[in-house]
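User: Please go through this structure with me. I should like the reasoning behind each label, with values set against the criteria.

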Amino acid sequence: MILLTGPCVIENRDNVMKIAEQLAKLNENERIDFYFKASFDKANRTSLDSFRGPGLDEGLKILQEVKDTFGYKLVTDVHESNQVKATAEVCDIVQIPAFLCRQTDLLVAAGKTNAKVNIKKGQFLAANSMKHPVAKVLATRGIDEVNYQTSKENGVWLCERGNVFGYGALVVDMKNLIAMREFAPVIFDATHSAQVPSTGETTGGNSAIVPSLAKAAAAVGVDGFFFETHFDPSSALSDGPNMLKIEDLYKTVDDIFKIQDVLNY
């Protein structure tokens, strides 16, 4: 099972290292293909005053320290094509945020690297529309055919995180997991799927439903999971309301394995 997890944003060096240390057992689990995730910049915050992170240079320096200290593979977001090359030199996965999943220059820049590319489905898009972002990355890597196997072999993944229908909440259609898996391996982003976007000055959420959403996705069948986690979500500087506490993350992963074992996934 692929597992992408870590804090939403790099709040500071000590915070990231503390969380990374507490996730070590996940990296040691032979059933898990583990990637540590943290963003150096959250460029699409609700408010101009919201915390965004330390920026590219300092953020990649901290992520490199995580890799050197714990041996973790890394994933982080990029928002501009000029961030991609430096990011791919440190991180094993370049992640394309949902609102930018159709941005050709960003996809092409990611495709030109040796990193895996995880493309989050836009909240505004149907699942079958995600064939086109995958095609852009694959074409950059010299591949014309878009299907699960070609994407898997060439390091292109899709990530589901729900759809917004205009009433202030995200809704997860589990059929999307099946539809997108025709084009690429699928990662289910359980914590962002529990968001309540743009609630006042910050994005809200309901972390209580995260384990249930993850278990439902496990029953449908996906290639991996994305969870944002924190030792104290109430103090997190981004996405705290939909984050899992680290101990709840471990329990949710255990429950996913139980479901996969029953269904022989």
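User: How many helices and strands does the chain have, and what makes it as compact as a globular protein of that length?

Analyst: In this predicted model, the chain has 10 helices and 13 strands. Its radius of gyration is 17 Å, and the globule rule gives 18 Å for 265 residues; the two values are close, so the chain is as compact as a globular protein of that length. Along the principal axes, the C-alpha atoms fill a box of roughly 45 × 45 × 40 Å.

User: What share of the residues is buried, and what share of the contacts joins residues at least 24 apart?

Analyst: Buried residues account for 54% of the 265 in the chain. Of the contacts between residues at least 6 apart in sequence, 68% join residues at least 24 apart. The accessible surface comes to about 11,300 Å², and carbon and sulfur atoms contribute 48% of that area.

User: How far apart are the mean positions of the positive and negative charges, and how many salt bridges are found?

Analyst: The chain carries 28 positive and 34 negative charges, whose mean positions are 3 Å apart. A search of the whole structure gives 15 salt bridges.

User: Why is the pair of Asp-77 and Lys-37 called a salt bridge, and which parts does the pair tie together?

Analyst: The criterion is a side-chain nitrogen of Lys or Arg within 4 Å of a carboxyl oxygen of Asp or Glu. The closest N and O atoms of Asp-77 and Lys-37 are 3.9 Å apart, so the pair meets the 4 Å limit. Asp-77 belongs to strand β3 (residues 73-77) and Lys-37 to strand β2 (residues 33-37), so the bridge ties together parts that are 40 residues apart in sequence. Both Asp-77 and Lys-37 are buried.

User: What makes Lys-120 and Asp-189 a salt bridge, and why are these two residues called buried or exposed?

Analyst: Their closest N and O atoms are 2.6 Å apart, so the separation is within the 4 Å limit. The pair links distant parts of the chain, with Lys-120 in strand β5 (residues 116-120) and Asp-189 in strand β9 (residues 186-189), 69 residues apart. As for burial, the label requires under 20% relative accessible area. Lys-120 has 4% and therefore counts as buried. Asp-189, at 0%, is therefore buried as well.

User: Where do Asp-255 and Lys-258 lie, and why is each called buried or exposed?

Analyst: Both residues lie in helix α10 (residues 246-263), three residues apart, which is about one turn of the helix. An α-helix has 3.6 residues a turn, so residues three or four places apart point the same way. Asp-255 has a relative accessibility of 14%, under the 20% limit, and so counts as buried. Lys-258 has 55%, over the 50% limit, and is therefore exposed. Salt bridges with shared partners join Lys-215, Lys-251, Asp-255 and Lys-258 into one network. Within it, Asp-255 and Lys-258 form a salt bridge whose closest N and O atoms are 4.0 Å apart.

User: Which residues of helix α5 are buried, and what do they pack against?

Analyst: In α5 (residues 104-111), the buried residues are Leu-106, Leu-107, Ala-109, Ala-110 and Gly-111. They pack against α4 (84-90), β4 (93-96), β5 and α6 (131-140).

User: Why is Lys-112 called buried or exposed?

Analyst: Lys-112 is found in the loop between α5 and β5. Its relative accessible area is 67%, over the 50% limit, so Lys-112 is exposed. The C-alpha atoms of Lys-112 and Arg-141 are separated by 6.8 Å, although these residues are 29 apart along the chain.

User: How do you know whether Ala-236 and Asn-242 are buried or exposed, and which residues do they touch?

Analyst: Ala-236 is in the loop between β12 (224-230) and β13 (244-245), and Asn-242 is also found between β12 and β13. Ala-236 has a relative accessible area of 15%, under the 20% limit, and is therefore buried. Asn-242, at 0%, also counts as buried, because this value is under that limit. Leaving aside residues up to four places away in sequence, Ala-236 touches Glu-11, His-230 and Met-243. With its neighbours within four places left out, Asn-242 contacts residues including Thr-191, His-192, Gly-204, Asn-206 and Glu-228. Ala-236 and Pro-7 are 229 residues apart in sequence, with a C-alpha to C-alpha distance of 8.3 Å.

How values were computed: Residues are numbered from 1 along each chain as its sequence is written. This is a predicted model: local features need pLDDT of at least 70, side-chain atom pairs count only at pLDDT 80 or more; totals for chains, interfaces and linings use all residues. Side-chain values use heavy atoms; hydrogens and water are left out. Helices (H or I, at least four residues) and strands (E, at least two) are DSSP runs, numbered from the N terminus. Buried means under 20% relative accessible area, exposed over 50%, partly exposed in between (1.4 Å probe, protein chains only). Contact means heavy atoms within 4.5 Å. The radius of gyration is taken over C-alpha atoms; the globule rule is 2.2 Å times the number of residues to the power 0.38. Accessible areas come from the Shrake-Rupley method with a 1.4 Å probe; for residues, only the protein chains shown count as cover. Lys and Arg count as positive and Asp and Glu as negative; His and the chain ends are not counted. The place of a charge is taken as NZ of Lys, CZ of Arg, CG of Asp or CD of Glu.
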